[in-house]
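Good morning, colleagues. Please take a moment to look at the sequence and the coordinates before I begin.

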Amino acid sequence: MEKRELICIGCPMGCPLTVTMDQGNVTDVAGNTCPKGKAYAEKEVTNPTRIVTSTVRVEDGERMYTSVKTKEDIPKEKIFDCMKEINGIVAKAPVKIGDILLDNVAGTKVAVVATKAVAGK
């Protein structure tokens, strides 16, 4: 039996969770005060994912950079590949919030979208 301690990020309560695993399978989650905690704990120990945020250079814009994020969470092990691809992007102004700047980042089928508008010069 393996036990892992986590802090839940499913809601603002931040419950301390204890996850019990047997041969890679979750057998118990303790410490959660809502169903989101159990779901978060099970996913975090079996298939952790993250939303990735960063910035992208903008050509011919009123600002040199815009903020971006993955539209959905991606597997945690793909974060470095994702960042490598994001670092290679150069957007052309104007950029609108929600513009897809990169599709299928790191083979995840998840888009990278702008989260800040940048007008042209």
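I shall go from the overall fold to the cores, then to the cysteines, and finally to one loop.

Please keep in mind throughout that this is a predicted model.

Let me begin with the chain as a whole. The protein chain holds two helices and ten strands. Their order along the sequence is β-β-β-α-β-β-β-β-α-β-β-β. The radius of gyration is 18 Å, whereas the globule rule gives 14 Å for 121 residues, so the chain is more spread out than a compact globule. The principal-axis spans of the C-alpha trace tell us about its proportions: about 60 × 30 × 15 Å.

Turning to burial and contacts, 32% of the 121 residues count as buried. The exposed area of the chain is about 7500 Å², and carbon and sulfur atoms supply 53% of that area. Among contacts with a separation of 6 or more, 46% are made by residues 24 or more positions apart.

I now come to the interior. In soluble globular proteins, nonpolar side chains tend to be buried together. Here, the largest nonpolar core has 18 residues, and those touching the most other members are V56, V58, C82, I86, V95, V105 and V112. At least two residues of this core come from each of β5 (53-59), α2 (79-86) and β10. Another core, of ten residues, lies apart from it and includes C8, C15, V29 and V45.

Two members of the largest core deserve a closer look. C82 is buried, at a relative accessible area of 0%. I86, leaving aside residues up to four places away in sequence, touches V52, S54, T55, V56, V68, L102 and V112.

Next, the cysteines. How many disulfides does a search of the whole structure find? The search finds zero. C15 illustrates the point: the closest cysteine sulfur to its own is that of C11, and at 5.7 Å this is too far for a bond, because a disulfide requires the two sulfur atoms to be within 2.5 Å. C15 itself counts as buried, with 7% relative accessibility.

My last topic is the loop between β9 (100-102) and β10 (112-114), where T108 is found. N104 lies in the loop between β9 and β10 as well.

Is T108 buried or exposed? T108 is buried, with a relative accessible area of 17%, and that follows because the cut-off for burial is under 20%. A polar atom of the T108 side chain lies 2.6 Å from the backbone oxygen of V105. Beyond residues up to four places away in sequence, T108 touches I74, P75 and K78.

N104 counts as partly exposed, at 37% relative accessibility. Its side chain reaches the backbone nitrogen of K109 at 2.5 Å. With residues up to four places away in sequence set aside, N104 touches E85, K109, V110 and A111. As for distance across the model, N104 and E5 are 33 Å apart from C-alpha to C-alpha, and 99 residues apart in sequence.

To recapitulate, the chain is more spread out than a compact globule, its largest nonpolar core of 18 residues is accompanied by another core of ten residues lying apart from it, and zero disulfides are found. In the loop between β9 and β10, the side chain of T108 is placed 2.6 Å from the backbone oxygen of V105, while that of N104 reaches the backbone nitrogen of K109. Thank you for your attention.

Methods: Residues numbered from 1 in each chain as written. Predicted model: local features only at pLDDT ≥ 70, side-chain atom pairs only at ≥ 80, totals over all residues. Heavy atoms only, no water. Buried < 20%, exposed > 50% of the residue type's maximum accessible area, 1.4 Å probe, protein only. Helix = DSSP H or I, 4+ residues; strand = E, 2+ residues; numbered from the N terminus. Polar contact = N/O pair within 3.5 Å; in protein donor to acceptor, adjacent residues only side chain to side chain. Contact = heavy atoms within 4.5 Å. Rg over C-alpha atoms; globule rule 2.2 N^0.38 Å. Areas by Shrake-Rupley, 256 points an atom, 1.4 Å probe, with all protein chains shown as cover. Core = buried A, V, L, I, M, F, W, Y, C linked by side-chain atoms within 4.5 Å.
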